[in-house]
Amino acid sequence: MKRIILVLLVVSYLLPVFAQQASTVFTVQGVIIDENGETLPNVTVFLKDRPGVGSLSDFDGKFSIRCSRGDVVMFSFVGYQTIERQVTEEERNLTVQMLPASIMLDEAVILGGTGVQRKVSVVGAISSVEAKQLDIPATNIVNSLGGRVPGIVSLQSSGEPGKNLSEFWIRGIGTFGANSSALVLVDGLEGNLNEIDPADIESFSVLKDASATAIYGSRGANGVVLVTTKRGESGKLNISTRSNFTYSKLKRLPKYLRAYEYADLANEARFESGLPPLYDDVALESFKYGLAPNIYPDIDWQAEMLKPSSFQQTHFVNARGGGSVARYYLSMGMSLEPAAYRLERDSKYASSVAYNTYNYRTNLDMNITKTTTAYFGVNGYISNTQAPSMGSSYSPGQQSTTDWLWESQATTTPVSYPKTYPGGYFSSYGANNEMTPYVMLNYSGALEKNENHNLITIAVNQELDAITKGLNLRIQGSLDHTSSAYKNRFYQPPLYNSTGGYRVNGDIPLTKVSSEREMTFSKYVSERQKLYFESNIGYDRLFADYHRVGFFSRYYYQNEVSNTSGTLSNIRDFIPRRYQGVAGRFMYGYDDTYFFDFNFGWNGSENFRPGAQYGFFPSIALGWVATNYDFVKENLRWLSFFKIRGSYGEVGNDAISSQRFPYMTTINSDQNASTHWGGTGILSEDLIGADNLVWEKAMKYNLGVDTKFLKDNLSITLDFFKDERDGIFQQRTQVPSYIGAVTMPYGNVGSMVSWGSDGNIEYFQKIDRDLSFTIRANYLYSLNKVLRWEEPEQRFAYKERSGYPTDIQRGYISLGLFEDELDVLSSPTQFGKVRPGDIKYKDINGDGRINEDDMVPLFASFGGFSPPAFSYGAGGSVNYKKFSLNFLFRGIGNRYYLWGGSDGGRFNGYMPFNQGDRGNVLSIAYDQKNRWTSAEYSGNPATENSNVLFPRLSYGKNENNTKPSTFWMGNSRYLKLQEVSLNYKLQMASLQRILGINSVDMQLVGDNLYSWDSVKIVNAEQVSSSGQSYPIPLRVTFQLYINF
Amino acid sequence: MKIKNIVTFWVAVSTLLVLSSCDALNVDSYFEDTFNVDSIFSSKYNIERYYNGAVVLLPDEGKIWQNSYIPGVTATDEAVTCDYGFPIFQSWNGSQFMSDKYTADNSPFNGLWEQMYKIIRKINTMLPHINEVPDMQTADINDLRARGRFVRAYAYFHLLENYGPCLLLGDRILNTNEQSDYYAAERATYDECVDYICTEFEEAAKGLPIKQPLYMAGSPTKGAALALVARLRLEQASDMFNGGASARKYFGNWTRESDGKNYISQTYDEKKWAVAAHAAYRVIELSESNNDLYKLHTIAKDATTPALPANVPANPFPDGAGDIDPLRSYSNLFNGDVEAGSSPQTNPEHVFARMSSGAVNDASYTVFPNNNGGIGNLSVPQKIIDAYYMADGRDINNSSAEYPYVEDQKTFTSETVTFSGYQLNKGVNSMYVNREMRFYASIYFCESFWPMSSTITANKKEKTFTYYSNGNAGMNVNKDYYNLTGYTIKKFIHPQDARDGDQSRLYSKAFPIIRYAEILIAYAEALNNLTQTHEIEENGITYTYSRDKDEISKYFNMIRYRAGLPGLSTTDMATTASLFDVIVRERMIEFLHENRRYYDLRRWGLVEQEESEPIMGMDVTKTKTNGYYQRVPVSHRVVRERNFQAKMIYIPIPLKEIRKVKGLAQNPGWEY
């Protein structure tokens, strides 16, 4: 053990090397060139199994090393394949050509735990992405996955720093049960993509079918994302830095009416509702000409709250190197991302609204013996969020405070109140004397949130060729610690309102409507610790040149403890969450032509009663490479590679909402309670257990082809998949009350099916030595249908959830607007007092009245909380000499939403005057051709136009028009020019000589540049929030890489 | 370190880890000292607590006013109210029920169904294990089993009374996680339910004690079980459930799908009255053979007791009212007044009662006027006022010269008089003079004196409230909620009770579930319906029942004498029908706001007729001199919207339950 520690402490290539026996020693000299024949400096040249002996090639690619007969000389360089060459005699002019490692990467696929597998033998559905493709200045990796990675669909709902993190799914949603998100493994451990700097990524792959995810057991049921980070490599210290500066500009903010138009339209709405006008001519004129702004204000609250643009920056540095005994990779990064809120300079809390993150990573690899390597990794992530407090206490899980700002800007009308009254008195808004957005942002206190995440990993890898060739053992353990703290100071200044008119001396009479709320402090702390352990045995060997046999087996165990103030109320919360299981894979390949894989997972979960905790989930996969036959090679020369692969497998899922141990009936004991019959103490079941629970099962089918044409220049991969979920956990709803159960137990009652296809195509063409280009495109099409969703029996089949996609939006079918009173009278009764110009609904069940029974399924994926059925991306790059130009288009297919049609503030603006004097009105409503107005008001029968966006205006809630219906339906499909980047690589000998800089890359990146869609009012990706969230900005970044 | 050593080390470490964590998913150790299902039956202490867990699920029977668990008083002609509530003004549950505002999906009474079946499951879980509890003696076992069966039967009793025929489970415990076919079930018929529940009560009665010790006051006794049987058997013999005209009208076509049986019997069987008589008599027998275990509550007369009218026998109670103070005898039964060493609940008239201060005193919020700690909107209709007899037992329309009834707007008392601790103010309208004592004990009218003597704040006590539009409790004080009729319920208010002012307090009160008076009157009602002599044998003794006038008046008159009224007259007794009318009226007066009228009107089949009469009251929109004292229909929206419909005989079974249970029939008229 002492030796191991010693090795850990000493960076090995500094160890002195002593001369070997002189008799056999000679020198080998030569030059190293790259794939283009140019000389390659800084290549590590060393002797295999002789740690510490080695040198580097010079700027002209020349090297020299002393060795003895039979030694193996290794040539190693970052990004290139390592070359081994055995030497027997002295050589003076050895030429060594090194080929880029990307060719090798193309051949290999990272499989978790099993290490690298040759791509040709992969029979599961796996997409890999070049790490370089992800290294763009997006706010985080997840935001850049959509459109880039086949099989992944992502959604971004906010552009605000700290909240601009996309959600993503692999192949859409396969279950309506508790957990539909994918498993993310970073270096084999559960991790968070948001916390990784793209520059740290070595490889990125997505495992989609059962044969690929089987070894992850239940955690992998919804697909697995595998990320490996960069490791140190033998060679000279290599440092690279990256800095970027981003200008971001808010795009597509909803445009609201200003004072005069607002007041004018309010009068119309009042008239249509049979109410007297709200604004007389004096008021209207004052609004129009900006007279008496303190009494007739005209405030653009959006402009008061927002700056049009903001600047962000990130900086990143890594160092990589090592000798043959130990190798290291170190990186550090920071990102400063302020939001575009307009803060008042004199505010006491003027800390900007911002999201700042810091991360670091250390990967150390050591050769302990010839066959033993050890890995030690530490990485961490710190984030800091600052926001105004909005005068309210805050705890996680609550709606985020900045959402209130957005709600407030959609709610506060331009005519409501001036920003401040003369003398600096703050105005207040609404009947409950709320703060205006301006006060909220600047004078309401401050909220600060800190998150801290640290992970320590130790792994040991032992080659066991001594026992049998090709066998190895790997043990890995990690400790993961996350803590977060919220600190909140909240405050509200005194608020005033005018009582109307001016005093003789010109002052405005004010009343204090809300007293100062004194500064209050609150905090919230949460902490999580996770211990993970796994041991793996792997075996891979080629027999008799044809038979490739491999197996792999893993045992894993996870223990997670959560210590969060306030939530540990119940014994269930005290018990650590645990998983354990065994997984295995057996692989057989014949002549790289036929492949057979068998995988299994034997997973244990605490959610089932002892005895039923373990589930066995097998999967098989078959592959056939047609291009390996000679007659194919000869006759179909244009076809360079063709593989068909198919897989079937079962995956278990044990996630049952937040309820743990649902098999257990638990008893609540109260020793002090008494009954009205004189009894003392009460025992009662607080949860009824369901003792026949079993694993939720996914049966996954996949059929895929991998092809390459035209000397590998064109490659196409296509996959078709189907997932059948059975036994989805649901809290029972069809169990009647008369059985007397205290709570409804959970049962394996739901089932669902999802199916679809994904694929990608890539074409690479090299025109000459200076010019080459690549184009690539990918798509994902995924549909789902609930087969059984337990619910109390519905009277009409179309009211059931079974038979429809999950997350179905229901509503009424609009037949247009009522034309006249006769139309109203001769139609079925609707909601409240209906008038001409109101929405007319279809009586589905023909009972002469419109009620809930007439609501039918309208479309899937309401509200943007579930992914679209069809998503695609297309991009490419052109390389000319040292320039390269990259671009990416991204889009989704039909995806519907409602832009009105429900109660509440969410639709402020979309349903004018729905809340009376609360709520802004979209400027498009002022355009007469967009709304219905009675001839009685306009004096023009033409304004009774049914083909409009807005039905009859009403002041206050219109019970009829606020129902969800096809009238309010919109389509948010879009095609975006997501990204264009221009890169120039500067490589100059003088830089190298003077500053030690090998190369400088300069990049100009534009992100979210243009969108083709029909939503217009807001960003098509953000329709669910109806303009009440921070828009996704347009970003232009200058990025500078320096490699030393 | 050699490779071999390292390998050995790793294998050892990983094997160790695997072995040690084999049991990683077993969380039993965490639950070691917490409770699990098996430990319920491990000791007497625990099983008792489990039983308590069922008991606490019983509704508070006193919760019959605002937010009632069943429709309650406002679903009858006993009370109406204005809307009240925060943040949304809302009518009381009973009013909304009578205005057809509820559906089977959104009824506030849906919780009762679920709650009662939870009790039933708990008892069914407990009963088979009673014998296994190590530290229970035979006596303990019998006692707990009896209490368990009582609770279960009582849960069914609540179901039957409110939802009608229910699903009978017997001793079955159904699995919790089956498919819907497993849960298919049909309701039992009304008679099957009554028979089952009565049998269970009778079985429970065998093991229950005659009396509970004070610390277990309210816990069921033998008498409580038998009294509930008496109530059920009387109901079963009544028109609605015994093939009467109303049974045919409301339930004639309501049959069970599987066997075509009528859920509610369509054939008259006089024997049911005899069974009802016997059931009531058993309680009387139990009382009489146990040294007058139960008796009507009386308080001895004193100097302030007013002179008895000449037609009331002056014999000592129960043969007359010569030695008692009728007003205090009746009023102290309800207002929480306690004699030394007892509690309101242990009053010997209470066969079964619940300390229900919360519900009863909360409701007093709607009795006390605005500015005196309440909102004063609980209004008693004129019909109730008119039902009270004159002091000598005559009707208001047939009053005597000695106790005359004068109804005009000009006649008022000229001086304040005090009797039996009650103060009848100067200036009270003549309508409220010379009435029977139960009227003064039960009703606050305009110009009533409210002692509120617990408070020491001068202007919050000893007040006279008036309901004129400009009165100190009139609608001008608060235009949103005020008294609609000019009357409110005094029955549960103690003279000391106050809701406002320093040191104001409210007496703790019991809510009577079954009073002995109800047994007596039930006995009379059952006998009245017999046309021939019936023999019923129980425990080897043969009991005979017939329309024995002496027997009827012996027990019925006790109620009258306690109120200081004369007994039944020969005209009253003349026919079954004439006596029935007297009984209907007597129950209306005697059990005012005791949650009896809602059920009585239904079983008699009188609900539609009674509910169709307009709700009348004094004209609270007028001042004293300008027309207050005239009967007008109450025109408040809540009252206007009342609209009795046939389906309101029963509350609906929760719609969700109907949709979940194949074969479960909904009550007629409700959504299914």
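This report walks through a predicted two-chain model, starting with how chains A and B meet and then looking at a few spots inside each chain.

A word on the ground rules: the model is predicted, so local features need pLDDT of at least 70 and side-chain atom pairs count only at pLDDT 80 or more, while totals for chains, interfaces and linings use all residues. Residues are numbered from 1 along each chain as its sequence is written, chains are lettered from A and ligands numbered from 1 in the order in which they are written, and side-chain values use heavy atoms, with hydrogens and water left out.

**Where the chains meet**

The size of an interface is often given as the accessible area lost when the parts come together. Here chains B and A bury about 5900 Å² between them, 64% of it on carbon and sulfur atoms; buried area is the accessible area (1.4 Å probe) that two parts lose on being put together, summed over both. Chain A puts 71 residues into the contact and chain B puts in 67, where contact means heavy atoms within 4.5 Å.

Between the two chains there are 18 residue pairs in polar contact, both residues at pLDDT 80 or more. A polar contact is a pair of N or O atoms within 3.5 Å; within protein, one must be able to donate a hydrogen and the other to accept it, and residues adjacent in sequence count only if both atoms are side-chain atoms. On chain B's side, the elements giving two or more residues include α1 (3-21), α4 (110-126) and α5 (138-163) of chain B. (Helices are DSSP runs of H or I with at least four residues, strands are E runs of at least two, and both are numbered from the N terminus.) The chain B residues that touch chain A split into 39 nonpolar, 16 polar and twelve charged. For that split, Ala, Val, Leu, Ile, Met, Phe, Trp, Tyr, Cys and Pro count as nonpolar, Asp, Glu, Lys and Arg as charged, and the others, Gly among them, as polar.

The count of salt bridges between the chains is one, and it joins the side chains of E685(A) and K122(B) at 2.7 Å, N to O. A salt bridge is a side-chain nitrogen of Lys or Arg within 4 Å of a carboxyl oxygen of Asp or Glu.

**Salt bridges within the chains**

The whole structure holds 91 salt bridges over all chains. Here are three that link distant parts of a chain:

| Pair | N to O distance | Separation along the chain |
|---|---|---|
| E202(A) and R320(A) | 3.2 Å | 118 residues |
| E192(B) and K261(B) | 3.6 Å | 69 residues |
| R562(B) and E590(B) | 3.0 Å | 28 residues |

In the chain A pair, R320(A) counts as buried because its relative accessibility is 11%, while E202(A) counts as partly exposed at 29%. The cut-offs are under 20% relative accessible area for buried, over 50% for exposed, and partly exposed in between (1.4 Å probe, protein chains only). E192(B) is partly exposed at 27%, and K261(B) is partly exposed at 43%.

R562(B) and E590(B) are both buried. Salt bridges that share partners also tie these two into one network whose members include E436(B), R438(B) and K491(B).

**A look at E436(B)**

E436(B) sits in the loop between β3 (422-424) and α13 (437-442) of chain B. It is buried because its relative accessible area is 1%. The side chain of E436(B) makes a polar contact with that of R438(B) at 2.7 Å, and a polar atom of the E436(B) side chain lies 2.9 Å from the backbone nitrogen of Y389(B). Leaving aside neighbours within four places in sequence, E436(B) is in contact with residues including Y388(B), M390(B), A563(B) and I589(B).

**Over in chain A**

Chain A has 15 helices and 51 strands, and buried residues make up 56% of its 1044 residues. One open sheet of chain A has five strands in the order β10-β15-β16-β13-β14, with mixed pairing; two strands pair if DSSP finds at least two bridges between them. The edge strands are β10 (126-129) and β14 (189-190) of chain A. β14(A) pairs with β13(A) in the antiparallel sense over two bridges, and in β14(A) the bridge partner of L185(A) is E190(A).

T457(A) lies in strand β25 (residues 445-463) of chain A and counts as buried because its relative accessibility is 4%. Its contacts beyond four places in sequence include L189(A), Y375(A) and S478(A). The C-alpha atoms of T457(A) and S478(A) are 4.3 Å apart, although 21 residues separate them along the chain.
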